[in-house]
Structures are given as structure tokens and as C-alpha cells.
Amino acid sequence: IILRMKVTVKYFARLREILGKSSDEFELEDSPTITDLLNLLSNRYPQLRGAVFEHDGKTLKKIYQVLVSGEYVGEPNKKLRDGDIVAILPPVAGG
């Protein structure tokens, strides 16, 4: 049995500028991880590779943070659940 689930990805600041939109909804299979989702984004949007991914094109640069349904996630192998909202946050500068 293949389980299907929906995950919403929200983009902010630089990512929103690059993609020209603030969010996407993806239908995924088989209990994907955050790494799986990032790989999907890298493949679907090659223009993100240099801006937000490391040279391998798959690892999110350390200056970005990932929140899943409002909670900071430091573990890229965390499993996503149906209905999760994933926010990719750029670095914040202020003074």
C-alpha cells in the first residue's frame, strides 16, 4: 500500500523572490523526510540550488532554518506527516 499525504511548503524573503510565490502544496508518498522534501524542491526548482542549497544541490545551507508545523527542526531525517506545514526561513538581520 502506498500512502499519500499532502504537505504545504511556505517560502519567505529570498525564496519567495526567486520562485515568485509564497507557498506550494505537494502530494508525497511513503512517509517522506525533510531531506526528501528538500531534494524534491532542488529538483523541481533548479534556480534554488545556488541560492539556498550547498554545492551538492541537496543540502540546505546552514543559514536557513526549517520549521515543521511551527516547530524548529534540526534533524533533516525527521518524518513528515499528512497536513504538515513546512516553513523554510532565511537568516534574519536586524539592528
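**Exercise 1. Determine which residues line the largest cavity, and how they divide by polarity.**

Solution. The lining of the largest cavity consists of Tyr11, Leu15, Leu38, Leu41, Leu48, Val52, Phe53, Leu60 and Ile88. The model is predicted: local features require pLDDT of at least 70, side-chain atom pairs count only at pLDDT 80 or more, and totals for chains, interfaces and linings use all residues. Residues are numbered from 1 along each chain as its sequence is written, and side-chain values use heavy atoms, without hydrogens and water.

On a 1 Å grid over the protein atoms alone, a cavity is a set of points where a 1.4 Å probe fits but cannot get out, and lining residues have an atom within 4 Å of a point. By class, the cavity lining holds 9 nonpolar, no polar and no charged residues. The largest cavity encloses about 30 Å³.

**Exercise 2. State whether serine 42 is buried or exposed, and identify its contacts.**

Solution. Begin with location: serine 42 belongs to helix α2, residues 34-44. Next, accessibility: serine 42 counts as buried because its relative accessibility is 2%, the cut-off for buried being under 20% (1.4 Å probe, protein chains only). Finally, leaving out residues up to four places away in sequence, serine 42 touches Arg49, Phe53, Gly57 and Lys58, where contact means heavy atoms within 4.5 Å.

**Exercise 3. Describe the lining of the largest pocket.**

Solution. A pocket is an open set with protein on both sides within 12 Å along at least five of seven lines. The largest pocket has a volume of about 350 Å³. Its lining comprises 17 residues, with Leu60, Tyr64, Val66, Gly74 and Pro76 nearest the centre. The largest share, 4 residues, comes from α2.

Key: Grid points are joined across faces, edges and corners, and a volume is the space filled by probe spheres set on the points. Ala, Val, Leu, Ile, Met, Phe, Trp, Tyr, Cys and Pro count as nonpolar, Asp, Glu, Lys and Arg as charged, and the others, Gly among them, as polar. Helices (H or I, at least four residues) and strands (E, at least two) are DSSP runs, numbered from the N terminus. Buried means under 20% relative accessible area, exposed over 50%, partly exposed in between (1.4 Å probe, protein chains only).
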